[in-house]
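Work through the two exercises below. Keep the structure open as you read.

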Amino acid sequence: MVRRSLLLALAVMLLAVSAFAQRPRTRRTPSPPPAAVVPRRPSPPVIPTPRSVLGFEPGDDRKLVEWPVLVRYFEALAKASDRVDYRELGKTTLGAPFVALVISSPQNLRRLDYYRQVNAGLADPRSFRTSRAAREALQNGKAIVLITSSIHSTEVGGHLSPVALAYRLATDTGATTRTILDNVILWLVPSLNPDGVTIVSKWYNRTLGTTAEGTSPPELYHHYTGHDNNRDWYAFTQVETQLTVDSLYNVWHPQIVHDIHQMDANGARLFLPPYLDPVEPNVDPLLIDGVNALGSAMAWELAGQGKTGISINSTYDAWTPARAYQHYHGGVRILSETASADLATPIDIPFDRLQARERGYNPRERSWNFTNPWRGGRWSLRDIVSYQTEGAYALLSHAAHDRERWLTNFFNIETRAIRGWREWPYAYVIPARPPQDSVALSALLGILRRGGVEIRTALQSFSVQGQRHAAGTYVVVLRQPYAAFAKTLLEVQNYPDRRLYPGGPPERPYDVTAHTLPLLMHVTATAANDSLRVPLSSPITPRIVPPLPPLRVSDVEPAVRIGLYKSYDATMDEGWTRWVFDTWKVPYTSLVDSVVRAGKLHDRFDVIILPDQRPSEILEGLPPRYPAPYAGGIGPDGSEALREFVVDGGTLVAMNEASRFAIQALLLPVRNVLEAVGDEDFYAPGSIFRLELDTSTAVAHGMPRETIGWFQGGPAFEVLDSNVTQVVGRWPEDPTRVLLSGWVLHPERIAGKAAILEVQQGNGRVILFGIRPQYRGQSIATYPLLFNSLRMK
């Protein structure tokens, strides 16, 4: 009993102690001061969705934004994500920010400079002192991929696909994305033409709900070049090209370049390489193998996702370097072309309205390179963005999975370039002294140097092909990483004679067939087939010689008042003419249709220039669905106003196809011998011809008796009244002497015919060019013909 009582008392005591222990001890343990509170880790920044900045999802119908809005999104994305860095590379032609994103794993981004140096070594294997160093670079390096978009601004999927792709790479945690981020350093250029993004978006939003909805803007979407801005990848005339080459291509040396484009709506839904023949012969075969493998792999991946209408080995060839800088710098260029809508407005295309035949395939039939035709129906901006982003993602996945193979092949291509190709010349020799034009020589050497080509000078005099060259002569040895770039620009092109069927009409190349810079610029470059027995300098940076204004104003001679016709049915040749005039400081005023129609032109102008444009486009202009003042061309009133301008004493200069308009509108005593001639009877798709000049004429003053003419779809003239017509230049009488570089069929059609005429009418004159004397800012050899045409009589 006593024991039970003791146990009971002990239990009560233990409960009391336990209850006391569980009470808060506020008196004995004071709260720590606020400063001693350990702060919580801040939450990672929220990755902004495209909708949060753009106000819509990329691909939504009828939704486009201008470039500043896209820039705000990319800045916000880079600020919030440790996988994305934002870089402003410079300013565009019109002053907008030209930007790039670099996307990779956080660890790779922290070591960007290291990976840049590793890849620079692979791009020039001479930098490795040992084979072990090369093996370590191949093992440690990352695949460098450059994706560019929206160079052609009416291809509006390219405005938005970079947004969707960047957001996916910044947020996705899946295994494929992690592999991409770990093994690839992606440089993403959201637009190679930011000015055009704003031009097109502004026009589209302005015309929404009107008859003009979905039309192209009534101006060039690149200030100078329009659609030609992706033909600038060897001439480097435009700011945007220069920024991309100088800041990305030549610094990061990508193994893979993916260029996102759009094409017409009535064929395949997507084109991917392999390219059609012909392939430019200086491109390394291993590089073409890589193009074929990667393009086919992308097509297979997208087909596996259920996407239809994918064509390969069709439509686009790989001849011209104007669209393929990386083909001459060790990497592959993967062009993708997705079918378009009406800008951001969806369209409906029944299957039976698809083209029955395209170059290399039939959009309505299955074939080995078009395995699953699209069945027609609704096609929208969302479809375009989906095809483009999934294609880019498939490319990145392939690059990540085969990282070491891409690096190894890249290294092998550059190693072969350094060793040289047996059938190539040893070097090209370029004289440094007259008769070379200093501006033209500076331009040619500047192109080579910007393209990474090493230029040396001879330290002693020497001889090549019986010609003595002085010390100081420039020498380009074709045993260097980018020898192919130099060779393709310095040699003559012999485009193969390709027909749709034996004996049939020509198979049209996608672009032009010639790009021989020494001919275009009237600079001598001689191939030295054997090694030169002369000491050479280290690589040099050539001196830049700026162009001098060709029209100098004196106290005696008044300034020439020049008017440059600027159609609302915008033509690239007009833009190139402005670029040449702005570069060479030629003053001018742009004339639109209403000014021409108003007449009294001689009160304001001494010279009026009609750039290369079809007669129907000059006369009729844009269709009535466009709002005022854009619809219609110069019309009959404008034609009469131009005739009165000439009769009153003005000079009308008509270039290439605009010459056909001048002949018709002013009833000139001249016949175009190529009028209504079919391709099977004469064809020259962008070639360099030999041109013989009468140097006693004012237009050819100061020119050599023989020069070049860029021929591309122009006329050839027969004089009907020699009393009022003077031949300034003509094609050779011997048909075999007409072609200098490129391709021509049946040159006998134009042999001996006039290429440049001066026709007197009333008190004035009309100068007809059957060539493009200022072709894409490259044909410096014939600039003087244009400049002389602007002088007062």
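Ala, Val, Leu, Ile, Met, Phe, Trp, Tyr, Cys and Pro count as nonpolar; Asp, Glu, Lys and Arg count as charged; the others, Gly among them, count as polar. This is a predicted model: local features need pLDDT of at least 70, side-chain atom pairs count only at pLDDT 80 or more, and totals for chains, interfaces and linings use all residues. Residues are numbered from 1 along each chain as its sequence is written, and side-chain values use heavy atoms, without hydrogens and water.

**Exercise 1. Describe the lining of the second largest pocket.**

Step 1: the term. On a 1 Å grid over the protein atoms alone, a pocket is an open set of points with protein on both sides within 12 Å along at least five of seven lines; lining residues have an atom within 4 Å of a point.

Step 2: the residues. The lining has 30 residues, and Ala235, Phe236, Gln242, Ala443 and Arg450 lie nearest the centre.

Step 3: the classes. The lining splits into 17 nonpolar, 10 polar and 3 charged residues.

Step 4: the helices (DSSP runs of H or I, at least four residues). H10 (239-252), H14 (438-450) and H17 (572-583) each give at least two lining residues. H14 supplies the largest share, 7 residues.

**Exercise 2. Trace the open sheet.**

Step 1: the terms. Strands are DSSP runs of E, at least two residues, and two strands pair if DSSP finds at least two bridges between them.

Step 2: the order. The 8 strands run E1-E2-E4-E3-E5-E10-E6-E8, with mixed pairing.

Step 3: the edges. E1 (84-91) and E8 (310-312) each pair on one side only.

Step 4: one pair. E6 (270-272) and E10 (332-339) are antiparallel, joined by 2 bridges. Leu270 has Thr338 of E10 as its bridge partner.

Note on methods: 1 Å grid on protein atoms, 1.4 Å probe; cavity = no way out; pocket = protein on both sides within 12 Å on 5 of 7 lines; lining within 4 Å.
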